[in-house]
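User: Please take a close look at one pocket of this model, starting with the residues nearest its centre. Then relate that pocket to the neighbouring topics that the coordinates allow you to describe.

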Amino acid sequence: MDLFAQQARNRRMTALLMAAFLLLFLVLGGALDMLYSGPSGMEVSGVPVPLPFYSAFSLGFGALGAVSSYFGGDKMVLASVGARELDASSPAERQLKNVVEEMAIASGMPMPKIYVMPEADPNAFATGRSPEHASLAVTEGLLDALDREELQAVVAHEMGHIRNLDIRTMMIVSVLLGAIALLSDLALRTSGRSHRRRSDRDGGGNALLVIVVLLVALLAPLAARMIAMAVSRTREYEADRSGAEFTRNPLALARALEKLEAHQHPTRLATEGTAHLFIVDPRLSKLNEREDKVANLFATHPPIRQRIARLERMGYGASGTGSTSFRRRPS
């Protein structure tokens, strides 16, 4: 798939993801409407309401989340992981700035904003709604763990996400995952109280309806995660390929991934909603080491060993990697 096909696919996928999330919001709101409906229709705190109040509220909440995630999702994500702007007085961070400038030129992309996370675990991610509004964040541990070539390869990988417009889709997913979790938690908290009030008032209440609402509230975050993961794993392979194209050195990224895999500590600042953004899984989930149907549904990243193997085949010019051949550079 060429660049323009990837970008067009990601634009379509972003629209489909937003529609799928809005449908989940509507389902959650509808479940709450069913729970709070009295014999005479919709009720809120015992007061009849002629409209589906919770469905409208949930859909509006989801729409607001979608719009805010598009225009301000990058700031939300960066704030959630405690990222700060690059300090040019630090030699390591000054080298990072130079490397990002080099990879921006190599990729033909505008220079992204650069952030550093106060985190010892080596990791990195990119976010934003477009190449012109992109940010790249790395951990302090990444700057300590990698040499210049390896750092260049990781930055190139993230520039691949920026060029392919992966950042827009993954950023919107991050924000909407959090919003779904928040609304589901609200449904879980209110369903029990509503059941008790209706039981006291009506002498029993509808236990089956409460069970249905609880199931919807519990399954909505799971469904949201499945939607998010459906577009996550293949993007890492594509970004690896793009990074190798920019640096002409796929083996540097293979070495970087080996070092990142060797660190057995989770990235503390990463959240459930931002885990899929990082170059390697920040939670060290064993699920990401598997390649099966369950992993394809719930894992945020492809197996690192598989990624390294693909990069090494590129580096040694093995058949099946296309017309471009790469050679090993000295370490």
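Analyst: **The second largest pocket**

The lining of the second largest pocket comprises 16 residues, and those nearest its centre are Ser174, Leu177, Gly178, Glu272 and Gly273. The model is a predicted one, and the volume computed for this pocket is about 270 Å³. Three helices, α2 (53-80), α6 and α7 (207-229), each contribute at least two residues to the lining. Of the contributors, α6 gives the most, with six residues. Sorted by class, the lining holds eight nonpolar, six polar and two charged residues.

Helix α6 spans residues 166-202, and Leu182 is one of its residues. Is Leu182 buried or exposed? Its relative accessibility is 53%, so Leu182 counts as exposed, the threshold for that class being over 50%. Leu182 also illustrates a separation in sequence alongside a distance in space: Pro221 is 39 residues away from it along the chain, and their C-alpha atoms are 9.3 Å apart.

A further set of contacts concerns Ser130, which sits in the loop between β6 and β7. Setting aside residues up to four places away in sequence, Ser130 touches Leu165, Ile167 and Arg168. With a relative accessible area of 10%, Ser130 is buried, because that class takes in values under 20%.

The strands on either side of this loop can be described together. A hairpin of five residues connects β6 to β7, and the two strands pair in the antiparallel sense over five bridges. Within this pairing, Phe125 has Ala137 as its bridge partner in β7, and Thr127 stands opposite Ser135. On its other pairing, β7 runs parallel to strand β5 (residues 113-117), again with five bridges; there Ile114 stands opposite Leu136.

In a regular strand the side chains alternate between the two faces of the sheet. In β6, Ala124, Ala126 and Gly128 point one way while Phe125 and Thr127 point the other, and all are buried. Because five of the five residues of β6 (residues 124-128) are buried, that strand is largely enclosed by the rest of the structure. In β7, Ala134, Leu136 and Val138 point one way and Ser135, Ala137 and Thr139 the other way, and all are buried. The six of six buried residues of β7 mean that this strand, too, is largely enclosed, so the conclusion rests on burial along its whole length.

The largest pocket offers a point of reference. It has about 370 Å³ of space and 21 lining residues, with Glu261, Leu284, Ser285, Glu289 and Ile304 nearest its centre. Here α9 and α11 (304-315) each provide at least two residues of the lining, and α11 supplies the largest share, three residues. Its lining has eight nonpolar, six polar and seven charged residues, whereas the second largest pocket has eight nonpolar, six polar and two charged.

Helix α9 itself, at residues 250-262, has 13 residues and extends 19 Å from its first C-alpha to its last, close to the expected 18 Å. Its buried residues are Pro250, Leu251, Ala252, Leu253, Ala254, Arg255, Ala256, Leu257 and Leu260.

Conventions: Residues are numbered from 1 along each chain as its sequence is written. This is a predicted model: local features need pLDDT of at least 70, side-chain atom pairs count only at pLDDT 80 or more; totals for chains, interfaces and linings use all residues. Side-chain values use heavy atoms; hydrogens and water are left out. Buried means under 20% relative accessible area, exposed over 50%, partly exposed in between (1.4 Å probe, protein chains only). Helices (H or I, at least four residues) and strands (E, at least two) are DSSP runs, numbered from the N terminus. Two strands pair if DSSP finds at least two bridges between them. The expected span of a helix is 1.5 Å times one less than its number of residues. Contact means heavy atoms within 4.5 Å. On a 1 Å grid over the protein atoms alone, a cavity is a set of points where a 1.4 Å probe fits but cannot get out, and a pocket is an open set with protein on both sides within 12 Å along at least five of seven lines; lining residues have an atom within 4 Å of a point. Grid points are joined across faces, edges and corners, and a volume is the space filled by probe spheres set on the points. Ala, Val, Leu, Ile, Met, Phe, Trp, Tyr, Cys and Pro count as nonpolar, Asp, Glu, Lys and Arg as charged, and the others, Gly among them, as polar.
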